[in-house]
Amino acid sequence: MFLQLNLATLAVAGQMAWKKTKPILFRDTFLLPTLGFLGVIFLWWFAATFLTDLMPTPLEALIDSREYANPFFRKGPGNLGLGWLLIASLRRVILGFLLGAVVAIPLGFLIGMSRPAFLALNPLVQIFKPVSPLAWLPIALAIFNLAEPSAIFVIFITSLWPTIINTALGVASVNPDYLDVARVLEMPQWKRVIKIILPASLPYIFTGLRISLGIAWLVIVAVEMLTGGVGIGFFVWDQWNRLNLSSVFLAVFVIGITGLLLDYGLGQIQALVTHHRVQA
């Protein structure tokens with residue numbers, strides 16, 4: 001009798017939990033991304049099973065990568081956990097990105113507010129913008145003769161163009177009526193920038209910053225493959241040379257999640273600064 005009561009209680013509790021969970025599981029914002037992710041896993045499994053002997057299946061990759069469950073282990077100078085590698089790469093990316101933002105935002109304001117500056121600088125932006133980031137690496141190595149500052153320089157130069165273009169576009173898109181009112185009120189130029197132009201341009205500026213940060217994170221992986229040292233990019237290249245594709249897949253997953261979190265974090269800063277909810 002007691003066992004029957006317990007089973008009945010568990011059944012009722014299970015039904016109540018299912019009623020609460022069902023709307024979440026079948027919500028399109030949860031179900032559709034889950035189906036997309038499972039589709040990628042299926043394609044990976046299909047390719048590993050039928051198309052190549054070198055590629056591990058998802059389960060094999062998960063088992064082979066179990067030693068990286070602790071992201072902050074140290075087993076020697078060249079054997080570090082993924083946490084340490086991510087920290088090294090993020091340090092380079094954030095430093096180069098911040099230096100780029102410090103230069104790009106004022107230049108964007110200058111181009112957007114001054115026609116002579118636009119005519120002088122816009123051709124340079126359009127010329128250098130399409131240049132591959134890796135084309136700057138030999139120049140950086142020739143200047144600094146060291147891998148670390150060279151990687152930061154490549155991130156810096158790569159981060160400039162989206163932020164400059166979007167900032168200039170935002171400044172140029174400010175409603176002229178607002179500026180006319182400021183002139184009538186004899187508002188100083190610096191006050192116009194702070195009170196009118198900057199608030200109106202913030203969505204454009206943050207859009208440029210988010211694009212720049214995404215490109216910077218993409219570029220650091222390629223740069224570290226070429227320069228070596230400690231970093232998630234060199235880890236990918238090193239594991240490929242060892243034919244350890246399980247670790248390569250793990251690194252790809254970690255790189256993608258980190259890029260997503262970086263963009264999300266910058267989006268939250270944008271929402272905090274602009275007081276508007278940011279669409280992903």
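**Helix packing and core of an all-helical chain**

Apart from residues within four places in sequence, Thr158 contacts Pro133, Ile215 and Val219. This residue belongs to helix α7. Thr158 counts as buried because its relative accessibility is 7%, below the 20% cut-off. The model described here is predicted.

The chain contains eleven helices and zero strands. From the N terminus, its elements run α-α-α-α-α-α-α-α-α-α-α. Of the 280 residues in the chain, 35% are buried. Contacts between residues 24 or more positions apart make up 64% of those with a separation of 6 or more.

The nonpolar core comes next. In soluble globular proteins, nonpolar side chains tend to be buried together. The largest nonpolar core in this model comprises 54 residues. Within this core, Trp217 and Ile232 have the most contacts. Two or more core residues come from each of α4 (82–113), α6 (136–144), α7 (147–172), α8 (176–184), α9 (189–227), α10 (232–241) and α11. Helix α9 gives the largest share, 13 residues.

The surroundings of Trp217 were then examined. With residues up to four places away in sequence set aside, Trp217 touches Leu86, Ser89, Leu90 and Val93. Trp217 also touches Ile232, the other residue named for its contacts inside the core. Its remaining partners are Ile255, Thr258, Gly259 and Leu262.

Helix α11 spans residues 245–274 and has 30 residues. The distance from its first C-alpha to its last is 43 Å. This is close to the 44 Å expected at 1.5 Å a residue. Just after α11, His275 adopts a positive phi of about 60°.

Helices α9 and α11 pack against each other with their axes 10 Å apart. The angle between them is about 160°. The two helices are therefore roughly antiparallel, as the angle is over the 145 degrees set for that class. The crossing of α9 past α11 is right-handed. On the α9 side, the contact involves Leu202, Pro203, Phe206, Leu209, Arg210, Leu213, Trp217 and Val221. On the α11 side, the residues are Ile255, Thr258, Gly259, Leu262, Asp263, Leu266, Gly267, Ile269, Gln270, Val273 and Thr274. Trp217 thus appears both in this contact and among the residues with the most contacts inside the core.

A second helix pair is formed by α6 and α7. Their axes come within 9 Å and cross at roughly 135°. That angle makes α6 oblique to α7. Helix α6 passes α7 in a right-handed crossing. Trp136, Leu137, Ala140, Leu141 and Phe144 of α6 make the contact with α7. Helix α7 contributes Ala147, Pro149, Ser150, Phe153, Val154 and Ile157.

Asn145 sits in the loop between α6 and α7. Its phi is positive, near 60°, and the residue is not glycine. Asn145 is exposed because its relative accessible area is 65%, over the 50% limit. A further positive phi, about 60°, is found at Leu243, which is also not a glycine. Leu243 is placed in the loop between α10 and α11. With 52% relative accessibility, Leu243 counts as exposed.

Gly96 lies in helix α4. This glycine is buried, with a relative accessible area of 0%. Gly96 touches Ile152, Ile155, Phe156 and Ser159, when residues up to four places away in sequence are not counted. Gly96 and Val154 are 58 residues apart along the chain. Their C-alpha atoms are separated by 7.7 Å. Val154 is also one of the α7 residues that meet α6.

Tyr178 lies in helix α8. At 49% relative accessibility, Tyr178 counts as partly exposed, since values from 20% to 50% fall in that class. Tyr178 and Arg192 are 14 residues apart in sequence. The distance between their C-alpha atoms is 9.2 Å.

Conventions:
Residues numbered from 1 in each chain as written. Predicted model: local features only at pLDDT ≥ 70, side-chain atom pairs only at ≥ 80, totals over all residues. Heavy atoms only, no water. Helix = DSSP H or I, 4+ residues; strand = E, 2+ residues; numbered from the N terminus. Expected span 1.5 Å × (residues − 1). Core = buried A, V, L, I, M, F, W, Y, C linked by side-chain atoms within 4.5 Å. Buried < 20%, exposed > 50% of the residue type's maximum accessible area, 1.4 Å probe, protein only. Contact = heavy atoms within 4.5 Å. Axes fitted to C-alpha atoms, helices over the stretch in contact; angles between N-to-C directions. Parallel < 35°, antiparallel > 145°, perpendicular 65-115°, else oblique. Left-handed = near helix turned anticlockwise from the far one by under 90°.
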